[in-house]
Amino acid sequence: MAEVVSSELIDGVYIITPEVFDDDRGFFVETYRREWIPKGSREMLQANRGDRQAGCVVGLHYHLHQADYWYVPFGTVRVVLHDLRVGSPTEGGTIETNLDGVDHRGLFIPPGVAHGFASLTDATITYLVDSYYNSSDELGVAWDDPEIDADWGVASPILSKRDANNPLLENIEDHLRPSYGLRN
């Protein structure tokens, strides 16, 4: 039976630790179950996989309408989450946690929570999303924003052009700031 823990630092974020069954042949683990996701959340519709070399930073990204579920089967990533939702009881809260192919923890990220990761090793990340790609719902905030002050665990990050050019939090226009509890 998996342990599902609600974060005290960011409302709506859940960390899931599944049961791992292992023997001399290897191991078996359930990486996702619908029942682990909060009631009222939409069904996950799409699965994605990203392979990243050590030192890469992806993010910070956020969506006004999309939720994500992350799992790392190989390697280790440092996940950074930041609550951007105006009116959230945890607005401005930040979480830094590692996901890896050893503990097999999963992470549910609700809309409006900025999310990113740094590959501490070569790593594979899989993520489920509850809506199909929508370019107008692909938003970002600077990975190195001093207001967020995240510890990514890498000294010289490798960034995409998009992530290198994301705006500081203070420069995000009001209509692009997510509201707590608002979702279409």
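**A predicted β-rich chain: selected residues**

Let me open with one contact: the side chains of Asp68 and Gln66 are joined by a polar contact of 3.2 Å. A polar contact here is a pair of N or O atoms within 3.5 Å; within protein, one must be able to donate a hydrogen and the other to accept it, and residues adjacent in sequence count only if both atoms are side-chain atoms.

Before I continue, a word on the source. This is a predicted model, in which local features need pLDDT of at least 70 and side-chain atom pairs count only at pLDDT 80 or more, while totals for chains, interfaces and linings use all residues. Residues are numbered from 1 along each chain as its sequence is written, and side-chain values use heavy atoms, with hydrogens and water left out.

Returning to Asp68, this residue is found in strand β7, residues 68–74. Strands are DSSP runs of E with at least two residues, helices are runs of H or I with at least four, and both are numbered from the N terminus. Is Asp68 buried or exposed? Asp68 counts as buried, at 3% relative accessibility. In this talk, buried means under 20% relative accessible area, exposed means over 50%, and partly exposed lies in between, with a 1.4 Å probe and protein chains only. Not counting residues up to four places away in sequence, Asp68 touches Met44, His63, Leu107, Phe108, Ile109, His115, Tyr127, Leu128 and Val129. Contact means heavy atoms within 4.5 Å.

I turn now to the chain as a whole. The protein chain has one helix and 13 strands. Along the sequence, the pattern is β-β-β-β-β-β-β-β-β-β-β-β-β-α. The radius of gyration is 16 Å, close to the 16 Å that the globule rule gives for 184 residues, so the chain is as compact as a globular protein of that length. That radius is taken over C-alpha atoms, and the globule rule is 2.2 Å times the number of residues to the power 0.38. Along the principal axes, the C-alpha atoms fill a box of roughly 55 × 40 × 30 Å.

Of the 184 residues, 47% count as buried. Among contacts with a separation of 6 or more, 80% come from residues 24 or more positions apart. The mean positions of the 14 positive and 30 negative charges are 6 Å apart. For that count, Lys and Arg are positive and Asp and Glu negative, with His and the chain ends not counted; each charge is placed at NZ of Lys, CZ of Arg, CG of Asp or CD of Glu.

Next, the backbone. Which peptide bond is cis, with omega near 10°? The bond from Gly59 to Leu60 is, and Leu60 has its place in strand β6, residues 57–62. His104, a residue other than glycine, has a positive phi, near 65°. This histidine lies in the loop between β9 (94–100) and β10 (106–109), and His104 is buried, with a relative accessible area of 4%. Asp149 also is not a glycine and has a positive phi of about 55°. Asp149 lies in the loop between β13 (139–140) and α1 (161–164), and counts as exposed at 61% relative accessibility.

The loop between β9 and β10 also holds Val102, which is exposed, with a relative accessible area of 65%. Val102 and Lys161 are 59 residues apart along the chain, and their C-alpha atoms are separated by 31 Å.

Near the start of the sequence, Ser7 has its place in the loop between β1 (3–6) and β2 (14–17). Ser7 is buried, with a relative accessible area of 14%. A polar atom of the Ser7 side chain lies 3.0 Å from the backbone nitrogen of Leu9. Leaving out residues up to four places away, Ser7 touches Val13 and Ile95.

Finally, consider Val86 and Ile172. Val86 is found in the loop between β8 (76–83) and β9 and is partly exposed, at a relative accessible area of 40%. Ile172 lies in the segment after α1 and counts as buried at 9% relative accessibility. How far apart are the C-alpha atoms of these two residues, which are 86 residues apart along the chain? They are separated by 12 Å. Beyond four places in sequence, the contacts of Val86 are Glu91, Arg177, Pro178, Ser179 and Tyr180; those of Ile172 are Tyr62, Gly140, Val141, Pro167 and Arg177. Arg177 thus appears in the list for Val86 and in the list for Ile172.
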